[in-house]
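This report describes selected side-chain contacts and surface features of one protein chain. The sequence and the structure are shown first, and the description follows.

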Amino acid sequence: MVFWIVLGLVILYSHYIEKSSITLWKDKKYSVAFYVGSVICLYFICAFGSGFLNLLIKMATQEKTSGKLIQMHSIFKNNYFLIIFTCLTAGVVEESLMRGYIQTRIEKIYKSPFLGIAVSSVLFGILHSTYGTIVQVVGPLFIGIVFAVFYKRYSNIKIIIMCHFLYDFVSLMMMNFIDIKHLSAFLPL
C-alpha cells in the first residue's frame, strides 16, 4: 500500500505543483497488434537478456540465491490474489515513477535523453538491491534500460506497464511450480 500512496503523492505533486501530468509525454496510440507484439517482444528481451546476465554473474561470483527470494517463495506459494496484486502494483507504480516521472523529468531538466534513460534505469536497479544480491540488481538494471529505451522511442507507458506485469506474473507463477533455486535469474522486478 505504501507504493500506491507514494504514487498518489507524486501524481498530486505533478498535478498541483508542477501543473502537468505525471508522464509529461502524451501516450502515442498504436494498434492492438502493436501492443501485443511489443509486450511479447519486450518480455522475451527482458527474460533472456537478464537471464543471460544473471547466469554470467552467478558463474563468475558463485552467488547464492537471495534469502529474500526464498522468503518470497513461501509467501507467494499458491496465493494468487497476492501474486496479481503485487504484479499490478510493481507494473503500475514502478513504471509510472521510474519511466513516467523520473525519466521524463531528467530528460527535460538536463535536455538529455541518455541521462533520462540512465538515471531511471540505475534507480530501478538500486530499487531492487533490497534482495541482497548482485544478480537482483543487474537484471533489473538491464530491464530498466530496455524499458526506458522503448519508452523514449514509442512514448507509451501502458505497454511498459503491461510487460512489467507479465514479467513479474510469469516469474511468480513459476515459483509455484519450479524449485526456487532454478528460478533466481528470472525472478520478479
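G37 is located in helix α2. In this predicted model, the relative accessibility of G37 is 29%, so the residue counts as partly exposed. Its C-alpha atom and that of S120 are separated by 24 Å, the two residues being 83 residues apart along the chain.

**Aromatic pairs**

Helix α2 also contributes to the aromatic contacts, through Y43. The structure holds 10 aromatic pairs. One of them joins Y43 and Y167 in a tilted arrangement, with 5.9 Å from centre to centre and 55° between the planes. This pair links distant parts of the chain, since Y43 belongs to helix α2 and Y167 to helix α7, 124 residues apart. Y43 is classed as buried because its relative accessibility is 14%, under the 20% limit. Y167 is likewise buried, with a relative accessible area of 2%.

A second pair is formed by F81 and F85, which are stacked at 6.3 Å centre to centre with 15° between the planes. These two residues are 4 residues apart in helix α4 and are therefore separated by about one helical turn. F81 has a relative accessible area of 66% and is therefore exposed. F85, at 29% relative accessibility, counts as partly exposed.

Ring pairs also produce a cluster, in which Y30, F34, F150 and Y154 are linked.

**Salt bridges**

Side chains of opposite charge can pair when their charged atoms come close. With nitrogen and carboxyl oxygen required to lie within 4 Å, the count comes to 4 salt bridges. The table gives three examples with their N to O distances.

| Acidic residue | Basic residue | N to O distance |
|---|---|---|
| E18 | R105 | 2.5 Å |
| D27 | K158 | 3.1 Å |
| E107 | K152 | 2.7 Å |

The side chains of E18 and R105 meet in a salt bridge. That pair links distant parts of the chain: E18 lies in the loop between α1 and α2, R105 lies in helix α4 (residues 80–110), and 87 residues separate them. What is the accessibility class of each partner, E18 and R105? E18 is partly exposed, because its relative accessibility is 28%. R105 is buried, because its relative accessibility is 8%.

D27 and K158 also meet through their side chains. This salt bridge connects the loop between α1 and α2, where D27 is placed, with helix α7 (residues 157–177), where K158 is placed; the two are 131 residues apart. D27 has a relative accessible area of 19% and is thus buried, under the 20% cut-off for that class. K158 is partly exposed at 41% relative accessibility.

In the salt bridge between E107 and K152, the closest N and O atoms are 2.7 Å apart. The pair links distant parts of the chain, with E107 in helix α4 and K152 in helix α6 (residues 135–154), 45 residues apart. E107 counts as buried because its relative accessible area is 13%. K152, with a relative accessible area of 30%, is partly exposed.

**Helix α1: a buried serine and a surface patch**

S14 is part of helix α1. With 1% relative accessibility, S14 counts as buried. Which backbone oxygen does the side chain of S14 reach? The side chain of S14 reaches that of I11, at 3.0 Å. When residues up to four places away in sequence are not counted, S14 touches K19, S20, S21, I22, Y101 and R105. Among these contacts, R105 is also the salt-bridge partner of E18.

Y13 likewise lies in helix α1, which covers residues 2–16. Its relative accessibility is 41%, so Y13 counts as partly exposed. Y13 is one of the residues that make a nonpolar surface patch of about 810 Å². The other members of this patch are M1, I5, L9, L12, Y16 and I17. Helix α1 therefore holds both the buried S14 and the partly exposed Y13.

Key:
Residues are numbered from 1 along each chain as its sequence is written. This is a predicted model: local features need pLDDT of at least 70, side-chain atom pairs count only at pLDDT 80 or more; totals for chains, interfaces and linings use all residues. Side-chain values use heavy atoms; hydrogens and water are left out. Patches are made of residues with over 30% relative accessible area and no salt bridge: like charges are joined within 9 Å, nonpolar side chains (Val, Leu, Ile, Met, Phe, Trp, Tyr) within 5 Å. Accessible areas come from the Shrake-Rupley method with a 1.4 Å probe; for residues, only the protein chains shown count as cover. Buried means under 20% relative accessible area, exposed over 50%, partly exposed in between (1.4 Å probe, protein chains only). A polar contact is a pair of N or O atoms within 3.5 Å; within protein, one must be able to donate a hydrogen and the other to accept it, and residues adjacent in sequence count only if both atoms are side-chain atoms. Contact means heavy atoms within 4.5 Å. Rings of Phe, Tyr and Trp (its six-membered ring) pair if their centres lie within 6.5 Å; planes under 30 degrees apart count as stacked, over 60 as edge-to-face and the rest as tilted.
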